[in-house]
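Student: Please take a close look at one strand in this model and the strands beside it. After that, add a short account of one helix pair.

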Amino acid sequence: MARSILVVDDEESILQSVEGILCDEGFEVVRAMSGTEALERIEENIPDAVLLDIWMPGLDGIETLVKIREICPTLQVIMMSGHGNIETAVKATRLGAYDFIEKPLSLEKVLLAISNALDYNRLEEEISLLRETQLGRYRITGQSKAITQLKEQIRIVAPTNAWVLISGENGTGKELVAHTIHRLSKRSRKPMVEVNCAAIPEELIESELFGHEKGAFTGASTMRKGKFDLAHEGTLFLDEIGDMSLKAQSKTLRILQEQKFERVGGSKTISVDVRVIAATNKDLEAEIEKGRFREDLYFRLNVIPMRVPPLRERREDIPELVREFIQDFALAMNTDPKEIGPEASAVLQQYEWPGNVRELKNLVERLMIMTPGAVIDAKDIPSPYSQAPGASEEMPEALQAGTLKEARSAFEKAYIESKLRECNWNISQTAEVIGVERSNLHRKIKAYGLDDGRFKEE
């Protein structure tokens, strides 16, 4: 399909000349002899680019440009003028013109300007599509109470500049939360720069974070910007901050406090504006007590704490997560998506998921490849995901107990834990299923050390 170009000029000779040039190059040309007529043409059918004369009677080119930007902000407009000067060109550019060419028009300049404008349009469309794809990639899936609370926290905190410390087990989705915060922030059009704190050698931490000047050390053949520099006006994501060495923590704290630094081998002080989001799978307060994490750095980072729940605390989200992963893998493998049977879904909801969402995603990919039919049934779920939880692990302890009393206690613990899992940790429902008073079940849960915050009363 031919790309359409709207040519706007009050001189018939110019219109005929430009139309002939563009038609010879395979473009579809729409003509207008005034700014008012140009706006009417755009409202009828938006062209791919506009060639717009500045000096026209009535609505001149500058006024027309302003109105075009109001109607269609992404439409690229190339200004033409026989009385060109720098001041006019600068004004047109500031108002959103893509380019400025002088009359008499050069064939090469006209075609080059249009080609560049169309390429720019194509890149803008690709970026927009990529951004939409990224939105889907960083979507937090689930409707459980724990995830709903987390989403609400993100909604409140994201538009601010507050620093955030995200905690959670490996595989829970801490990076996903960080990207969601950045995407919903006022800095979303600026970069989010990630730093894997566990992967940076201690001797390279300064160069990695602050950059270096040419000749700062052996091998520094060019100047290199650091992570803080690259994240200016955006977000810096410090992943696995708990694995950073004490020496590196000290240097990081200084830059976090001052938002100023010098590159390695340089003397110029560079000021930056960054929002910091940190993540860790460790209990930093315990690490502080052990002397492995700086207390002052912890308090600097922990302005807004967020905890990402493990998968075992949001089992009701597993069916939705599985369906989403199936769709993703089907698209990636260019195949039809499979269905997950209700029995298979129930089996997955009973597993403990020590690897959390990451482990579930890996299993779904395996099932998509290895399951021969169109429906994933319970029989397709491999071990250990298909094993009955709790009881099978605790029974050997009961059988090996020294006394009958010890064996009875081990069995009762395994039995109660198994039933709690089946009832999705709902105490009232479990008490009804096993035929005991809720208060009695509460006492046994406490006695056997099963009370870890997973339980629901109703």
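Tutor: In this predicted model, the place to begin is the pairing at the end of strand β13, where S167 stands opposite T280. S167 belongs to strand β6, residues 164-167, which pairs with β13 in the parallel sense over four bridges. Strand β10, residues 235-239, also runs parallel to β13 and is joined to it by four bridges. Within that second pairing, L236 has V276 of β13 as its bridge partner.

Next, the surroundings of β13 itself. The strand spans residues 275-280, and six of its six residues are buried. In a regular strand, side chains alternate between the two faces of the sheet. For β13, one side carries R275, I277 and A279, the other carries V276, A278 and T280, and the residues on both sides are all buried. Both faces of β13 are therefore covered, since buried means under 20% relative accessible area. T280, the partner of S167, and V276, the partner of L236, are both on the side that holds A278.

The helix pair is α18, residues 427-434, and α19, residues 438-447; their axes lie 9 Å apart and the packing angle is about 105 degrees. Because angles from 65 to 115 degrees count as roughly perpendicular, α18 is roughly perpendicular to α19. On the α18 side the contact is made by I427, S428, T430, A431 and I434, and on the α19 side by R438, L441, H442 and I445. Sorted by class, this contact of α18 with α19 comprises five nonpolar, three polar and one charged residues.

Conventions. Residues numbered from 1 in each chain as written. Predicted model: local features only at pLDDT ≥ 70, side-chain atom pairs only at ≥ 80, totals over all residues. Heavy atoms only, no water. Buried < 20%, exposed > 50% of the residue type's maximum accessible area, 1.4 Å probe, protein only. Helix = DSSP H or I, 4+ residues; strand = E, 2+ residues; numbered from the N terminus. Pairing = 2+ DSSP bridges. Axes fitted to C-alpha atoms, helices over the stretch in contact; angles between N-to-C directions. Parallel < 35°, antiparallel > 145°, perpendicular 65-115°, else oblique. Contact = heavy atoms within 4.5 Å. Nonpolar A, V, L, I, M, F, W, Y, C, P; charged D, E, K, R; others polar.
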